[in-house]
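Okay, everybody, thanks for coming. Let me put the structure up, and then I'll talk you through a few salt bridges and one helix.

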Amino acid sequence: MGDGENKMSHPKYSIYWNKKYEDFIRSKTCLVCQRPGVDGHHLEHARKNSFMLIPLCRTHHTFGKDAYHVLEREGFEDRHSVNLDWCVINLLMEYIDEVA
């Protein structure tokens, strides 16, 4: 965050809870292995922002040797050759297309 940026304007601190979007994320397969039955992982620990979720199976979310919570964001993106910001954007666009 830049010196002049308001902390509360960061998505991590915004409250955007949307059950329909969370259900949409949980209906997806894991971004890494395409297995069904995913957890919604909140990027940037933005637990109050449904729109910062990505779908990860339990192995790639928390327990596996190459899980997000083991590698942290940069290591996870490097290991799995993904850009999680683009994943969030693509998921949002897919959701908008479905509900429109």
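So, R26 is partly exposed, with a relative accessible area of 40%. For these labels, buried means under 20% relative accessible area, exposed is over 50%, and partly exposed is in between, using a 1.4 Å probe and protein chains only. R26 forms a salt bridge with E22, and their closest N and O atoms are 3.6 Å apart. By salt bridge I mean a side-chain nitrogen of Lys or Arg within 4 Å of a carboxyl oxygen of Asp or Glu. E22, for its part, is buried, at 10% relative accessible area. The two sit four residues apart in helix α1 (residues 19–26), so about one helical turn separates them.

Before I go on, a word on where this comes from: it's a predicted model, where local features need pLDDT of at least 70 and side-chain atom pairs count only at pLDDT 80 or more, while totals for chains, interfaces and linings use all residues. Residues are numbered from 1 along each chain as its sequence is written, and side-chain values use heavy atoms, with hydrogens and water left out.

Now the overall layout. The protein chain has four helices and two strands, and from the N terminus they run α-β-β-α-α-α. Those are DSSP runs numbered from the N terminus: helices are H or I with at least four residues, strands are E with at least two. Of the chain's 100 residues, 37% count as buried.

Back to the salt bridges; the structure holds seven of them. Take R58 and D39, with closest N and O atoms 2.7 Å apart. R58 is in helix α2 (residues 58–63) and D39 is in strand β1 (residues 39–42), so this pair ties together parts that are 19 residues apart in sequence. R58 is partly exposed, at 46% relative accessible area, whereas D39 counts as buried at 16%.

Then there's R73 with E77, closest N and O atoms 3.4 Å apart. Both lie in helix α3 (residues 68–80), four residues apart, so again about one turn of the helix. What about R73 and E77, buried or exposed? Both are buried. And they have company: E44, R73, E77 and D85 are linked in a network of salt bridges.

Okay, last stop, helix α4. With 16 residues (84–99), α4 should span 22 Å at 1.5 Å a residue, and its end C-alpha atoms are 23 Å apart, which agrees. The expected span there is 1.5 Å times one less than the number of residues. Which residues of α4 are buried? They're L84, C87, V88, L91 and Y95. Those cover an arc of only 100° around the axis, so they end up on the same side of α4; the arc is taken from the directions from the helix axis to the C-beta atoms. Flip to the other side of α4 and you find W86 and D97 exposed.

So what covers the buried residues of α4? The cover includes α1, β2 (53–56) and α3. Contact here means heavy atoms within 4.5 Å. And at the N-terminal end of α4, N83 acts as a cap, with a side-chain oxygen 3.0 Å from the backbone nitrogen of D85.

That's it from me; happy to rotate the model for anyone.

Note on methods: A polar contact is a pair of N or O atoms within 3.5 Å; within protein, one must be able to donate a hydrogen and the other to accept it, and residues adjacent in sequence count only if both atoms are side-chain atoms.
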